[in-house]
Amino acid sequence: MVKAYLYPRIKEHTQSSYNCAYKHLNRLYDKQFAKIRIGDLQSAIRDIHDNGVGYSTQKKARQVLHHMYSYAVKYEIIPPEKDISRYVDIDKDKKVYKKTIFNTRQIYKLFRASNNRYAKMILMHMMLGTRPSEFLSIEKTDVKLRQRYLIIRESKTEAGRNRIIPLHKQTLPFWIEFLAENNKFIACDEHGIHLNYSRFRTKFDKTLIELNIKYHTPHECRHTLASLLNNVGANITASKRILGHASNDITEKHYTHKDLHQLKKAMDLIVFKY
C-alpha cells in the first residue's frame with residue numbers, strides 16, 4: 001500500500017533504488033508493523049553493514065523506513081509518537097574517492113570506440129554535463145535535433161529543471177543513431193530496455209575496463225564538461241546555464257539572458273581532434 005501511495009509521486013530511478021534498499025530489510029518482513037521496535041530496525045541496518053554494503057544503501061533503507069512510518073501515521077495505523085524511524089542510525093559517509101575528470105587521451109579512446117554503444121552513451125552524457133539521473137530521464141521527444149539542443153525536464157535543483165543544453169557537434173552522429181531507435185528514452189540498452197542508474201553504472205564501468213580507461217564515475221562526466229568549458233574560456237554565465245548551476249550574482253541571475261545561439265557558441269569552443 002505504501003508503494004501504491006508513494007511511487008506515482010517519485011521518479012523511476014528513485015523507485016528502483018527504494019526497491020533495492022527494501023530487499024535489504026528482509027528480517028522485518030514477517031513482523032507485525034505496529035510491534036516492531038527500534039532494535040529491530042537497527043538490526044536490519046546492521047545486516048546491511050555486515051553484508052559489506054555501505055552508507056548509500058543504508059541511507060536509502062532508512063528513507064524507506066521513514067516513508068513507511070509516515071504512511072502509517074497519516075492513515076492512523078500507528079500514533080505519531082510511535083514513529084521510531086527517526087531514531088535509526090547508519091554508518092557515516094566516508095569519502096574514500098577523489099573525483100577526477102576524463103583526460104583528453106581517455107576521451108579520444110571513447111570517440112575511437114565507434115562500435116561500442118556505451119562508449120557513445122558516455123560521450124553523450126559527458127558532452128551534456130548532466131547529472132546521471134538527468135541523462136537517464138531524457139526522452140526522445142525532448143531532443144530537438146534540427147535545432148541541435150535538448151531540454152532537461154527532471155533535475156534535483158530548480159536551476160537544473162527545464163534547461164536547454166546544446167548538443168555538441170561531434171556527438172551528433174550518436175544522437176541521430178539513438179533517436180532512430182524505437183525507444184521512449186535515450187538511455188536504453190541494446191534490447192530497448194530503459195537503463196536505471198544501477199544498470200547504467202554497470203555498463204559504464206565495463207566499458208571503461210574494455211577500453212583500458214582508468215576508473216571514473218558517471219558523475220565525473222559532468223565535472224569533465226565543466227573543466228572543458230573553463231579551459232576553452234567559455235562564457236561563465238553560459239557554462240552555468242548548460243550545467244544547471246544556480247547563480248548567486250543578482251545581476252547575472254535577473255538581467256543576463258543567454259539564448260540558444262550563445263549556449264551553442266560556448267559549447268562549440270570545445271573541439272576534439274581524435
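This is a selection-by-selection tour of a predicted model.

**Whole chain**

Start with everything displayed. The protein has 274 residues, and 43% of them are buried. Its secondary structure consists of 13 helices and 3 strands. Measured out along the principal axes, the C-alpha trace covers about 65 × 45 × 40 Å. A surface representation corresponds to an accessible area of about 15600 Å², with carbon and sulfur atoms contributing 51%. If you draw a contact map and keep pairs with a separation of 6 or more, 64% of those contacts join residues 24 or more positions apart.

**Helix α4 and Gln-58**

Select residues 55-74, which form helix α4, and pick out Gln-58 within that helix. Is Gln-58 buried or exposed? Its relative accessibility is 0%, so Gln-58 counts as buried. Now add Asp-91: the side chains of Gln-58 and Asp-91 make a polar contact of 2.8 Å. To see the surroundings, extend the selection to Ile-45, Ile-48, His-49, Val-53, Ile-90 and Asp-91, which are the contacts of Gln-58 once neighbours within four places in sequence are set aside.

**Val-73 and the loop after α4**

Stay on helix α4 and move to Val-73. This residue has a relative accessible area of 24%; because buried means under 20% and exposed means over 50%, Val-73 is classed as partly exposed. Show Ile-78, Pro-79, Pro-80 and Asp-83 as sticks, since these are in contact with Val-73 when neighbours within four places are left aside. A distance label between the C-alpha atoms of Val-73 and Asp-83 should read 7.4 Å, for a pair 10 residues apart along the chain.

Next select Glu-76, in the loop that runs between α4 and α5 (104-112). What is the phi of Glu-76? The angle is near 60°, a positive value in a residue that is not glycine. Glu-76 is exposed, at 70% relative accessibility.

**Helices α6 and α9**

Clear the view and display α6 (residues 117-126) together with α9 (residues 197-210). Their axes are 9 Å apart and the packing angle is about 110°. That angle makes α6 roughly perpendicular to α9. Which residues of α6 meet α9? They are Tyr-118, Ala-119, Met-121, Ile-122 and His-125, and on the α9 side the partners are Phe-200, Lys-203, Phe-204, Thr-207 and Leu-208. Coloured by class, this contact shows 7 nonpolar, 2 polar and 1 charged residues.

**Arg-201**

Keep α9 on screen and select Arg-201, which is also part of that helix. With a relative accessibility of 18%, Arg-201 counts as buried. Which side chain does Arg-201 join through a polar contact of 2.5 Å? The partner is Tyr-215. Tyr-215 also appears in the wider set of residues that Arg-201 touches, together with His-216, Thr-217 and Pro-218, not counting residues up to four places away in sequence.

**Asn-212**

Go on to Asn-212, in the loop between α9 and α10 (219-231). Like the earlier loop stop, this residue is worth a look at its backbone: phi of Asn-212 is near 60°, positive although the residue is not glycine. Asn-212 counts as exposed, with 62% relative accessibility.

**Gly-233 and helix α11**

Select Gly-233, located in the loop between α10 and α11. Its relative accessible area is 57%, so Gly-233 is exposed. Add Lys-35 and zoom out: the two C-alpha atoms are 61 Å apart in space, with their positions 198 residues apart in sequence.

Then bring up Asn-235, which caps the N-terminal end of α11. The atoms to label are a side-chain oxygen of Asn-235 and the backbone nitrogen of Thr-237, which lie 2.9 Å apart. Select residues 236-243 to show helix α11 itself. Which residues in α11 are buried? They are Thr-237, Ala-238, Ser-239, Ile-242 and Leu-243. Thr-237 therefore appears twice at this stop, as a buried residue and as the backbone partner of the cap.

Finish on Gly-244, just after α11, where phi takes a positive value of about 75°.

Note on methods
Residues numbered from 1 in each chain as written. Predicted model: local features only at pLDDT ≥ 70, side-chain atom pairs only at ≥ 80, totals over all residues. Heavy atoms only, no water. Axes fitted to C-alpha atoms, helices over the stretch in contact; angles between N-to-C directions. Helix = DSSP H or I, 4+ residues; strand = E, 2+ residues; numbered from the N terminus. Parallel < 35°, antiparallel > 145°, perpendicular 65-115°, else oblique. Contact = heavy atoms within 4.5 Å. Nonpolar A, V, L, I, M, F, W, Y, C, P; charged D, E, K, R; others polar. Buried < 20%, exposed > 50% of the residue type's maximum accessible area, 1.4 Å probe, protein only. Areas by Shrake-Rupley, 256 points an atom, 1.4 Å probe, with all protein chains shown as cover. Polar contact = N/O pair within 3.5 Å; in protein donor to acceptor, adjacent residues only side chain to side chain.
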